[in-house]
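Biologist: I am new to this one, and I would like to understand the words as well as the values. Could you show it to me and then take my questions?

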Amino acid sequence: MKRALPWIVPLTILLLWQAASQFGLLADQVMPPPTAVAAAFWRVSRSGELLHDIEVSTWRAFAGFAVGGGIGFVLGMLNGLSPVSEKLTDSTLQMVRNIPHLALIPLVILWFGIGEEAKLFLVALGVFFPIYVNTLHGVRSVDRQLLEMGRAYGMSERAIFWRVVFPGALPSIFVGLRYGLGIMWLTLIVAETISASSGIGFMAMNAREFMMVDVVVVSILIYAALGKLADSVARLLERTCLAWNPVYAEA
Amino acid sequence: MNLSIFDTVPDTELRVSSAGSAVSLRGVTKAFGAQTVLHGIDLDIPAGQFVAIVGRSGCGKSTLLRLLSGLDQPTGGTIEIDGRSSGWRDRTRLMFQEPRLLPWQRVAANVEVGLSHAPRGADRRRLALEAIGQVGLSGREQEWPAILSGGQKQRVALARALVSHPRILAFDEPLGALDALTRIEMQALIEQVWQDKGFTAIVVTHDVTEAVALADRILLLDAGRVAMDVAVDLPRPRRHGDPAAAAIEGRILDRLLGR
Ligand SMILES: Nc1ncnc2c1ncn2[C@@H]1O[C@H](COP(=O)(O)OP(=O)(O)O)[C@@H](O)[C@H]1O
Ligand SMILES: [Mg+2]
């Protein structure tokens with residue numbers, strides 16, 4: 001009974017939605033009924049079109065994430081550890097951070113056209129800042145007393161990094177990671193919707209041209225599912241890596 | 001690791017003199033900017049002695065310990081350990097007021113931190129388990145520090161300090177944050193490992209009773225100078241409420257409170 005409780009509201013909404021379509025309260029061109037959406041899902045999966053588009057979008061998302069997140073992580077570590085590096089780059093980065101990366105879309109299209117680079121660039125740029133800021137914050141908030149203990153006990157600089165600084169910064173890095181994943185999907189949706197010749201966003205825009213509202217709804221749901229999946233994997237990783245922390249320990 | 005030497009020497013007297021280091025300070029000063037914290041300290045601590053340092057807050061106790069454990073360098077004067085003025089850092093260990101365990105490492109791995117200077121290998125784990133046994137935490141090797149009590153964490157910190165068999169063990173108010181009962185247990189444990197191992201013990205404490213209960217000798221630090229140097233010639237184990245101890249305690253307190 002307890003486990004069924006959270007499902008009651010969504011199921012009721014689904015039933016009401018189906019009923020509203022059935023009794024003609026909801027026009028199909030506005031919102032097709034759940035059964036039609038399910039049928040559309042079945043159709044595009046069978047043709048292989050869906051799988052291909054998911055593949056393309058996922059690749060774009062994670063390639064951009066790897067580039068932007070990687071640079072953000074390295075710079076965050078560097079600026080957290082080296083005051084010189086921080087003085088040199090941090091204020092510049094903080095200024096650039098104020099520009100919403102999606103505002104660059106026209107410029108990016110001018111530079112790269114509507115090719116893959118444009119989408120990679122936007123995703124990388126969007127993901128960079130949350131990872132950078134949270135890595136930097138994580139390194140800065142590492143317990144000074146632990147650093148002093150490491151030195152007093154003869155740990156090498158390398159050992160101090162891998163056994164004190166990195167694990168100490170990890171909780172904050174995970175915050176950046178999960179936030180970055182959210183930005184990654186959001187950026188990709190916008191970029192693919194504006195300009196693409198493949199991917200889930202393209203599938204949606206293509207379906208819109210042919211007034212296939214059911215396929216549009218399918219693409220939206222796929223985006224939601226992918227976002228949820230990525231977040232769940234990140235959470236699982238977080239729980240495993242931070243098992244030492246009572247906050248994350250499984251009850 | 002030369003621990004096997006100590007383990008096979010049966011004679012307690014011999015063990016004491018071979019396991020502890022003699023400390024000698026000559027005109028040691030320490031200044032932070034314009035503020036001079038230690039003013040030319042001269043001090044000789046024989047190998048294996050248990051010294052307690054008491055004094056008002058801010059009189060330079062922690063600063064002195066940091067110099068003795070090689071964490072800081074004196075502004076002037078020399079520190080010699082076993083007659084050597086350098087290269088002795090590995091012989092000393094410092095225990096802090098807080099346990100300072102790595103929360104993301106289990107108990108055994110935390111104790112192995114004490115062997116950072118030694119080569120990796122199975123030996124490390126064996127020595128760590130041995131030290132954990134010495135502080136009475138056998139069976140807790142695979143716990144996270146977060147689930148241990150304050151006293152247990154401080155025991156792990158003690159094991160981490162002991163595992164490298166230091167010749168000098170310095171404690172900076174190690175029991176200050178513990179409740180009264182745990183304190184007494186920890187005092188007994190520190191006294192016992194000191195008697196077992198024979199290292200030179202230097203304990204900073206704000207508790208004069210604790211100093212009298214544990215130490216062979218009590219130094220009172222005042223404004224960066226040794227203001228009082230009292231021998232505590234009482235037989236061990238010492239009992240709480242011994243009148244001779246109370247007399248020593250009274251003398252030191254009088255001086256501390258400026259009476
Ligand atoms: N790293 C430091 N920089 C500047 N001043 C310091 C530093 N460490 C200690 N001091 C000063 O030295 C004095 C003695 O400090 P400390 O040795 O910690 O005292 P105690 O441990 O006896 O309470 C204090 O006035 C403190 O402000
Ligand atoms: Mg202090």
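Biologist: How much area does chain B expose, and what share of it do carbon and sulfur atoms supply?

Modeller: Chain B exposes about 11300 Å², with 51% of that supplied by carbon and sulfur atoms. Accessible areas here come from the Shrake-Rupley method with a 1.4 Å probe, and for residues only the protein chains shown count as cover. Some ground rules: this is a predicted model, in which local features need pLDDT of at least 70, side-chain atom pairs count only at pLDDT 80 or more, and totals for chains, interfaces and linings use all residues. Residues are numbered from 1 along each chain as its sequence is written, chains are lettered from A and ligands numbered from 1 in the order in which they are written, and side-chain values use heavy atoms, leaving out hydrogens and water.

Biologist: What makes up the secondary structure of chain B?

Modeller: Chain B has 9 helices and 9 strands; these are DSSP runs numbered from the N terminus, helices being H or I with at least four residues and strands E with at least two.

Biologist: Why is chain B called as compact as a globular protein of that length?

Modeller: Its radius of gyration is 18 Å, close to the 18 Å that the globule rule gives for 259 residues, so the description fits. The radius is taken over C-alpha atoms, and the rule is 2.2 Å times the number of residues to the power 0.38.

Biologist: Why is Ile173(A) called buried?

Modeller: Buried means under 20% relative accessible area, exposed means over 50%, and partly exposed lies in between (1.4 Å probe, protein chains only). Ile173(A) has 11% relative accessibility, so it counts as buried. Its place is in helix H8 (residues 157-194) of chain A.

Biologist: What does Ile173(A) touch, leaving out residues up to four places away in sequence?

Modeller: Its partners are Phe73(A), Met77(A), Asn134(A), Thr135(A) and Phe166(A), where contact means heavy atoms within 4.5 Å. Asn134(A) is 39 residues from Ile173(A) in sequence, yet 5.5 Å away in space, C-alpha to C-alpha.

Biologist: And why does Asp82(B) count as partly exposed?

Modeller: Asp82(B) has 31% relative accessibility, so it counts as partly exposed. This residue is in the loop between strand S4 (76-81) and strand S5 (92-95) of chain B, and its phi is near 50 degrees, a positive value in a residue other than glycine.

Biologist: Why is Ala223(B) put in that class too?

Modeller: At 49% relative accessibility, Ala223(B) counts as partly exposed. Phi of Ala223(B) is also near 50 degrees.
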